[in-house]
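Reader: Hi, could you walk me through this structure? I am new to this, so plain answers would help me most.

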Amino acid sequence: MALVMARIDDRLVHGQVIVGCCEPLDADRLLVCDTTVAADALRRSLFTAAAPPEIEIEFVDPEHALDRVQAARDDAAHDTILLTRDAHTMGRLVEAGAVLEHVVIGGAHDGPETTEITDGYFLTRADRVALRTMIGRGVSVCFQPVPGSPVVDAAPILGADAS
Amino acid sequence: MRALLITHGDLGRSMLDGARRIYAVDAPIEIVSNDEHGLESLSAHVEAWLSRDDGDALMMVDVGGGSCGVAARLAAADRPRTWVLGGANLPMVLTYLSHHGQLGAEDLVAKMLDRAHNAIAVLDATPSR
């Protein structure tokens, strides 16, 4: 019982997460760390409705997320997936002191100022910097849509070295 | 009433292609895939489609709780006379093609749901012998 996945996904709560991640990992809780969603009742209600009732969802602003991530790590009663929409936000959590051994980039689509880094994954410069920093701090980072699909190590692609 | 079919991958294109092979008629229906779209990007795409016309608008999504459904509902949140239907299947699309010009929005939606629901059934089951 712990934090079973830290996932970067620009769709946040959707089928790949609910079915593709929660089921194989037996996760029963999502911790959605996102400024926009935390402040938007409509988005929160749509994401809540997207998940089956047995999956609990907590929304938190990244500014106040550190203790919630730690609580998820220590929670003996739940298996939690941490979600951020971009690498920059996940990087902020790590910089703030969140202990994450492994981060999965599950979905990063084309958008403003993005570059395709590897097949179907698009990152901004800020995202790439955040990921390199995370890797430098010893966090293992990979590209993987869902558990069970092929894993692509992000470090060599990003030209990053683990410390 | 114009329609937008929002699906994962090529499902929408294939479904519309299949439906048009059964009922070949021009209809104001467009498709969009969630491929290559994050949530906000897909929602913006749908919002642009909605803003092209003030009239009744219908969106069909494959999975209501997926990014297609969430994006459609986000885009439709403040727009009147907009319907978002989940569980899009071929009978639903066929019913749209065959009745979109004949029925008002409420009746068309009711018929589409009825046909879509009724298509999901155990057609045959062989008992153990």
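Author: Let us begin where the chains meet: helices α3(A) and α3(B) are roughly antiparallel to each other, and please keep in mind that this is a predicted model.

Reader: At what angle do helix α3 of chain A and helix α3 of chain B pack, and how far apart are their axes?

Author: Helix α3 of chain A, residues 41-50, and helix α3 of chain B, residues 67-76, pack at an angle of about 150 degrees, and their axes are 10 Å apart. An angle over 145 degrees counts as roughly antiparallel, which is why the pair is described that way. The crossing of α3(A) and α3(B) is right-handed.

Reader: Which residues make that contact?

Author: On α3(A) the contact is made by L42(A), R43(A), L46(A), F47(A), A49(A) and A50(A), while on α3(B) the residues are V70(B), R73(B) and L74(B). Sorted by class, the contact of α3(A) with α3(B) has 7 nonpolar and 2 charged residues, with no polar ones.

Reader: OK, now chain A by itself. How many helices and strands does chain A have?

Author: Chain A comes to 7 helices and 9 strands. Its C-alpha trace spans about 40 × 30 × 30 Å along the principal axes. A compact globule of 163 residues would have a radius of gyration near 15 Å, and chain A has 15 Å, so the two agree.

Reader: How much of chain A is buried?

Author: Buried residues make up 52% of the 163 residues in chain A. Helix α5 of chain A, residues 87-96, contributes A87(A), T89(A), M90(A), G91(A), L93(A) and V94(A), which are buried.

Reader: And what covers the buried residues of α5(A)?

Author: The cover includes strands β1 (3-9), β2 (29-33), β4 (80-84) and β5 (102-107), together with helices α4 (66-74) and α6 (125-136), which belong to chain A. Just after α5(A) comes G97(A), which takes a positive phi of about 120 degrees.

Reader: Switching to chain B, what pattern does it follow along the sequence?

Author: Chain B has 5 helices and 4 strands, and read along the sequence it follows β-α-β-α-β-α-β-α-α. Its radius of gyration is 15 Å, close to the 14 Å that the globule rule gives for 129 residues, so chain B is as compact as a globular protein of that length. Of those 129 residues, 46% count as buried.

Reader: Is S43(B) buried or exposed?

Author: S43(B), which lies in helix α2 (residues 39-51) of chain B, is buried, because its relative accessible area is 5% and the cut-off for buried is under 20%. Leaving aside residues up to four places away in sequence, S43(B) touches A71(B), L74(B) and A75(B). You have already met L74(B), as one of the residues of α3(B) in the contact with α3(A).

Reader: What about D10(B), where is its place?

Author: D10(B) sits in the loop between β1 (2-7) and α1 (11-22) of chain B, and at 57% relative accessibility it counts as exposed. D10(B) and S33(B) are 23 residues apart in sequence, and their C-alpha atoms are 6.6 Å apart in space.

Reader: Last one: how do α4(B) and α5(B) pack?

Author: Helix α4 of chain B, residues 90-99, and helix α5 of chain B, residues 105-118, pack at an angle of about 145 degrees with axes 8 Å apart, and their crossing is right-handed. Among the residues making the contact are Y96(B) of α4(B) and L108(B) of α5(B). The residues of this contact divide into 7 nonpolar, 2 polar and 2 charged.

Technical notes
Residues numbered from 1 in each chain as written. Chains lettered and ligands numbered in written order. Predicted model: local features only at pLDDT ≥ 70, side-chain atom pairs only at ≥ 80, totals over all residues. Heavy atoms only, no water. Axes fitted to C-alpha atoms, helices over the stretch in contact; angles between N-to-C directions. Helix = DSSP H or I, 4+ residues; strand = E, 2+ residues; numbered from the N terminus. Parallel < 35°, antiparallel > 145°, perpendicular 65-115°, else oblique. Left-handed = near helix turned anticlockwise from the far one by under 90°. Contact = heavy atoms within 4.5 Å. Nonpolar A, V, L, I, M, F, W, Y, C, P; charged D, E, K, R; others polar. Buried < 20%, exposed > 50% of the residue type's maximum accessible area, 1.4 Å probe, protein only. Rg over C-alpha atoms; globule rule 2.2 N^0.38 Å.
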